[in-house]
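Hi everyone, thanks for making time for this one. I'd like to walk you through a few residues and then the empty space inside the model, so let me bring it up on the screen.

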Amino acid sequence: MLSFNLPPLVLLGPLIGAVLVYLFLRVQVWSAPDAKSVESHGLWVGIIGWMASSLQAAMNTGILKANPSVPGAPVTPEQIFPALAWPVVAALAVHALGQWSYPAPKAPRRYAELTVRRIRDFLPRRLAWWTAGIFGYAAVAIIRVGSLPAYDPVLPTSAPPQGPEYNGYAGQGQDGRIPGWELSAWLGGSLLVLAIGTWLCLMLIAHRRQLEALDTNDNRVLRSIAANRLLRTVATIAAGLAAIAGNFASLPQPGTTWQSSWFNLLGLANIIVLLVMWWWKVPVLSSLRADRKTTSAASLRSDPGTPGAARISVSLGPVVGIAGILPLIAWSSGPVIFRQRADGR
């Protein structure tokens, strides 16, 4: 049975982290809440929320490790709850703090609109449909896991059985897993909390007060930017929950046909979602769009006065960025797609 009697220090750490994130975001728009500082503020909300949403520690959830030398995976309620809860809650909390950290109006008279702001007025429609589809796909994957049986792990033996019917892995131990309905309940609860939290964050974005430094159009675009960054983050988390279900479902049944490696198709889908959401275009404030045109890569390359070194830097910038992020993605998500035990044999 899950116990919620957590020590105070366990909750003190996230609370201190939330305060620090709030203060950091507050500083971004404290002195000069103009268009540039607001854009920087939104970028940091997206970066911190993306970093907090990592499910890497939970990717082996439900797998019963047979080899004692291999680090254990979350298999008990006390282990599964924090592994799944912290990334979901932390990512949503960062985006909520991003809205609360905007400065309050300082003018003697508060500007108010006569129309009621609704979520659909600023919601990126195409991205919203993609996110809804990813949530539905994750829900189907999680539901299907619920019907899978549990496997007891086979402990390593010093004298493996001999014979042509054995594949050589019988003596190394074979991983097992918890009942599928247990993992499905945990993942389904996480997905439900993620969906409800996303809706509440969108409501917060809609009802946040206007910023005095921005005009009506920029205030509307700013809400679209916040929704864009929120939806991209939660879509990645939903795909990560589906990848956990896929990793669990791909585990071979212990026996003579056991293989120490397997392929997780949903893990590959998670990588695709990650790349799509990473490169999804973010709206730009109209007051900054003119400045962007004068400093765009195309204009710098075509300008005869641009130094040669600057042209090379602009041309190679995207290539260097891709080359820098691909190893990180391969390191963090590769084990999710292709699992192989490394036990020294």
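Let's begin with Ser-37 and what it touches: once you set aside the neighbours within four places in sequence, Ser-37 is in contact with Gln-28, Val-29 and Ala-32. Please keep in mind as we go that this is a predicted model. Ser-37 itself sits in helix α2. Is Ser-37 buried or exposed? Its relative accessible area is 12%, and the cut-off for buried is under 20%, so Ser-37 counts as buried.

Now over to another serine. Ser-190 is found in helix α5. Its relative accessibility comes to 10%, so Ser-190 is buried as well. And which residues does Ser-190 contact, beyond those within four places in sequence? They are Leu-84, Val-88 and Leu-241.

Staying on helix α5, which covers residues 180–207, we come to Cys-201. With a relative accessible area of 7%, Cys-201 falls under the 20% cut-off and is therefore buried. If we again leave out neighbours within four places in sequence, Cys-201 is in contact with Leu-92, Ala-96 and Leu-230. There is also a distance you may like to check on your own screen: the C-alpha atoms of Cys-201 and Ala-227 are 8.5 Å apart, and these two residues are separated by 26 residues along the chain.

That brings me to the empty space. Rolling a probe the size of a water molecule over the atoms shows where empty space is left. How many cavities of 30 Å³ or more does the count give? The answer is 1. The largest cavity holds about 130 Å³ of space. Helices α2 (35–52), α3 (77–100), α5 and α6 (216–250) are the elements that each give two or more residues to its lining.

Who contributes the largest share of that lining? That would be α6, with 5 residues. Altogether, 17 residues line the largest cavity, and the ones nearest its centre are Val-45, His-95, Gln-99, Tyr-102 and Ala-226. For those of you thinking about the chemistry of the wall, the lining breaks down by class into 11 nonpolar, 5 polar and 1 charged residues.

So, to leave you with one picture: helix α5 carries both Ser-190 and Cys-201, and α5 is also among the elements giving two or more residues to the lining of the largest cavity. Thanks for listening, and I'm happy to take questions.

Note on methods. Residues are numbered from 1 along each chain as its sequence is written. This is a predicted model: local features need pLDDT of at least 70, side-chain atom pairs count only at pLDDT 80 or more; totals for chains, interfaces and linings use all residues. Side-chain values use heavy atoms; hydrogens and water are left out. Helices (H or I, at least four residues) and strands (E, at least two) are DSSP runs, numbered from the N terminus. Buried means under 20% relative accessible area, exposed over 50%, partly exposed in between (1.4 Å probe, protein chains only). Contact means heavy atoms within 4.5 Å. On a 1 Å grid over the protein atoms alone, a cavity is a set of points where a 1.4 Å probe fits but cannot get out, and a pocket is an open set with protein on both sides within 12 Å along at least five of seven lines; lining residues have an atom within 4 Å of a point. Grid points are joined across faces, edges and corners, and a volume is the space filled by probe spheres set on the points. Ala, Val, Leu, Ile, Met, Phe, Trp, Tyr, Cys and Pro count as nonpolar, Asp, Glu, Lys and Arg as charged, and the others, Gly among them, as polar.
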